[in-house]
Amino acid sequence: MALLRRKKKVEPVEEVVEPTPTLPDPPEPDARGLRSMEAHRDYLLGLVEPLPPFGMNLLDAWDLALCEDIASEVDLPGFDNSQMDGYAVRAADVAGANQGEPLTLPVAGSVAAGDESLAPLPEGQAIKIMTGAPIPEGADAVVPFEFTDRGSEQVKVFEPVVAGEYVRTKGSDITEGTVLMHRGQRMDARTIGLLAGAGIDKVLARPRPRVVVISTGAELVDPGRRLERPGQIHDANGYMIAAAAKAEGCQVWRVQAASDDPEVVREQITDQLIRADLVITTGGVSQGERDVVKQVMPELGLCDFAEVAMQPGKPQGFGLIGEDKVPMVMLPGNPVSSYVSFQAFVRPLLRKLMGIEPVNHEPVRAIAGSVMRSTKGKLQFGRAVVRDDNGRRLVDLVGGHSSHLTGDLAAANALVLLGEDVEVVNPGEAVMCWMLDD
């Protein structure tokens, strides 16, 4: 007889609806709907992480930030060696030498850099020695050639030396265990030479960010090509921002999207994601009908558009786009606005990607050499020249505040920060500056 079985009750499966991803809440704007420069910068910095480090050869790590402390495993020099071309001696054997009564010593042999050390130096004798050669056992000083007659079988010594003179002792430069470089320190030619001298050929460092710069606008023409119709302009932004990213140590590609067609711009951006750690666009983020970057961005990923209380550089955009959430910074199209925005927002992001401190510009104090005027309510970035004036920094504005004045920008070596509450700075008053050529 079959057993009666109760049918299992099938529980309904609730469909889990994943929440739509969004960016973290942006900073609150002020009563005018404007975001402060500092708040916008810090918000963007919170949306990117440093690139993961990997081991690389010394030369490939030039200008990159280390991700480890590196201690020496050897002494430098690794052995006592000669500081000069001359003769290895016992200092006591030449103590009485002088120009009038030189001392004569037999020459027991010679030793050059790279040679193994000779047998111990006999008392009352000398060994000819080249710079960098190991000091023979028994010798405690080197008499430079200039103090001798440079003899081969016998040498006349005209001046005495003291024990240790002209000898580079083992560990006199670096001792084993000394920290040669610290985490976060940037590699330069001198530190690469130090590590190589200590026998280190590879380091753990963050890679060079891969940056794609896309300049947008149907009016753009590459430099070197003729402007064929009214309204066309040569692409200053793409070259300028690409060069600025190169100056920060990035690997850079420049792309021109000379179109106001949203589909063309969308394709240009998405095509670059495979090779980018950061995408930078210029133009197309304001309020115009043809500001296509702003139109297509919501289709590409999470984005944030803001008006920042700064001049130039009010319209700003940021996004995390594609499957890999590649960060993208959207800069305004006027050349000076684009460059100032790079300094304010992109440079800190690049330095965070590279793991380099300080991330932000460190303002320096300077004295106004002439009157400066600003619009109250916005942080004004004035193009300026800072120069040394008897030990103090003196600064003067270059030209006006308009965002198309590339000649004035090229002549500047600093940006003067005129705060939101500033209308006039008189000569002799202090201002803060970002130096552009550091």
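Colleague: Is Arg-35 buried or exposed?
Modeller: This is a predicted model, and in it Arg-35 has a relative accessibility of 6%. The cut-off for a buried residue is under 20%, so Arg-35 counts as buried.

Colleague: Which residue forms a salt bridge with Arg-35, and how far apart are the closest N and O atoms?
Modeller: Arg-35 sits in the segment before α1, and its partner lies in strand β17, 269 residues apart from it. That partner is buried too, with a relative accessible area of 7%. The residue is Asp-304, and the closest N and O atoms are 3.0 Å apart.

Colleague: How many salt bridges does a search of the whole structure find?
Modeller: The pair of Asp-304 and Arg-35 is a salt bridge. Searching the whole structure gives a total of 17.

Colleague: Which residue meets Arg-210 in a salt bridge?
Modeller: Arg-210 belongs to strand β12, while its partner is in the loop between α4 and β16, 67 residues apart. Arg-210 is partly exposed at 29% relative accessibility, whereas the partner is buried with a relative accessible area of 17%. Their N to O distance is 3.1 Å, and the partner is Asp-277.

Colleague: Where is Glu-248 found?
Modeller: Glu-248 counts as buried, with 12% relative accessibility. Its place in the chain is the loop between α3 and β15.

Colleague: Which side chain meets Glu-248 in a salt bridge?
Modeller: The partner lies in helix α6, 103 residues apart from Glu-248. At 9% relative accessibility, that partner is buried. The N to O distance is 3.8 Å, and the residue is Arg-351.

Colleague: Which side chain makes a polar contact with the side chain of Glu-248?
Modeller: Leaving aside neighbours within four places in sequence, Glu-248 is in contact with residues including Asp-63, Arg-186, Phe-342 and Leu-350. Another residue in contact with Glu-248 is Arg-347. The polar contact of 3.3 Å is with the side chain of Arg-347.

Colleague: Let's turn to the sheet. What is the order of the strands in the open sheet of 6 strands?
Modeller: The pairing in this open sheet is mixed. One parallel pair is β16 with β20, joined by 4 bridges, and one antiparallel pair is β17 with β19, over 7 bridges. The order is β15-β12-β16-β20-β19-β17.

Colleague: Which strands stand at the edges of that sheet?
Modeller: An edge strand here has a single partner strand, so one side of it is left without a neighbour in the sheet. Neighbouring strands are turned by 15° against each other on average, direction ignored. The two at the edges are β15 and β17.

Colleague: Which residue in β19 is the bridge partner of Phe-305?
Modeller: β17 and β19 pair in the antiparallel sense. The residue in β19 that partners Phe-305 is Gly-317.

Colleague: Which residue of β20 is the bridge partner of Ile-280?
Modeller: Strand β16 runs parallel to β20, and β19 pairs with β20 in the antiparallel sense over 5 bridges. Phe-318 stands opposite a residue of β20, and Ile-280 has that residue as its bridge partner. It is Val-329.

Colleague: Which residue in the turn between β19 and β20 has a positive phi?
Modeller: These two strands form a hairpin with 4 residues between them. The phi in question is about 75°, and the residue is Gly-322.

Colleague: How many of the residues of β20 are buried?
Modeller: Side chains in a regular strand alternate between the two faces of the sheet. In β20, one side holds Val-326, Met-328 and Met-330, and the other holds Pro-327, Val-329 and Leu-331. Both faces are covered, and the count of buried residues is 6 of 6.

Colleague: Last one: what arc do the buried residues of helix α5 cover around the axis?
Modeller: The buried residues of α5 are Val-292, Val-293, Val-296, Met-297 and Leu-300. What covers them includes β12, α4, β16, β17, β19 and β20. They lie on the same side of α5 because their arc is only 125°.

Notes: Residues numbered from 1 in each chain as written. Predicted model: local features only at pLDDT ≥ 70, side-chain atom pairs only at ≥ 80, totals over all residues. Heavy atoms only, no water. Buried < 20%, exposed > 50% of the residue type's maximum accessible area, 1.4 Å probe, protein only. Pairing = 2+ DSSP bridges. Salt bridge = Lys/Arg side-chain N within 4 Å of Asp/Glu carboxyl O. Axes fitted to C-alpha atoms, helices over the stretch in contact; angles between N-to-C directions. Arc of directions from axis to C-beta. Contact = heavy atoms within 4.5 Å. Polar contact = N/O pair within 3.5 Å; in protein donor to acceptor, adjacent residues only side chain to side chain.
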